[in-house]
Amino acid sequence: QVQLQESGPGLVKPSQTLSLTCAFSGGSITSTDHYWMWIRQPPGKGLEWIGYISYGGGTDYVPSLKSRTSISRDTSKNQFTLQLSSVTPEDTAVYYCAKYIGTLRAFNAWGQGTLVTVSS
């Protein structure tokens, strides 16, 4: 069974780059039809999909964040990383990584989430 764990700074200053890593066990980041997602939930708001990196290394991002977002992976370590540049307090949120199976059209596993606060 796949287990995911987010890690990274809990506090980031405005205009800096937020960087989070998701490490997982129990599977392979290159498994066919697997999509590795980043999702966030700002305080008092709903979930917002940020983007993904696919089993083949392709990426896609929500248009509103696309210019500031980059998702990459390290296949040797079975982990993937989110970078969000030029952050503002509006980027304060609990950030989750998750695994999505394309043929099932469903999320298969989630990390526990990590709170990132943007503040000076």
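**Note on the strands and salt bridges of a predicted model**

1. An open sheet is built from 4 strands, and their order across the sheet is β1-β3-β8-β7, with antiparallel pairing. The structure under review is a predicted model, and the points below should be read in that light.

2. The edges of this sheet are taken by β1 (3-7) and β7 (69-74). Each of these two strands has a single partner strand, so one side of each is left without a neighbour in the sheet. From one strand to the next, the twist averages 20 degrees.

3. The pairing of β1 can be followed in the model. Its partner is strand β3 (residues 18-25), and the two run in the antiparallel sense over 5 bridges. One position to locate is Gln 3, whose bridge partner in β3 is Ser 25.

4. A further antiparallel pair consists of strand β9 (residues 93-101) and strand β10 (residues 106-110), joined over 4 bridges. Here Ala 98 stands opposite Trp 110 in β10. The two strands, β9 and β10, form a hairpin with 4 residues between them. In the turn, Arg 105 has a positive phi of about 50 degrees.

5. The salt bridges deserve separate attention. The count comes to 3 salt bridges. Which residues are linked in a network of salt bridges? They are Arg 40, Glu 48, Arg 68 and Asp 91.

6. One contact in the network joins the side chains of Glu 48 and Arg 40, with a distance of 2.7 Å from N to O. Is Arg 40 buried or exposed? Arg 40 is buried, because its relative accessible area is 5%, and the cut-off for buried is under 20%. Glu 48, by contrast, is partly exposed, with a relative accessible area of 24%.

7. Arg 40 also forms a salt bridge with Asp 91, and the closest N and O atoms are 2.9 Å apart. This pair links distant parts of the chain: Arg 40 belongs to strand β4 (residues 34-41), whereas Asp 91 lies in the loop between β8 (79-84) and β9, 51 residues apart. Both Arg 40 and Asp 91 are buried; for Asp 91 the relative accessible area is 2%.

8. Asp 91 forms a salt bridge with Arg 68 as well, the closest N and O atoms being 3.0 Å apart. Asp 91 is in the loop between β8 and β9, and Arg 68 is in the loop between β6 (59-61) and β7, so this pair ties together parts that are 23 residues apart in sequence.

Note on methods: Residues numbered from 1 in each chain as written. Predicted model: local features only at pLDDT ≥ 70, side-chain atom pairs only at ≥ 80, totals over all residues. Heavy atoms only, no water. Pairing = 2+ DSSP bridges. Axes fitted to C-alpha atoms, helices over the stretch in contact; angles between N-to-C directions. Salt bridge = Lys/Arg side-chain N within 4 Å of Asp/Glu carboxyl O. Buried < 20%, exposed > 50% of the residue type's maximum accessible area, 1.4 Å probe, protein only.
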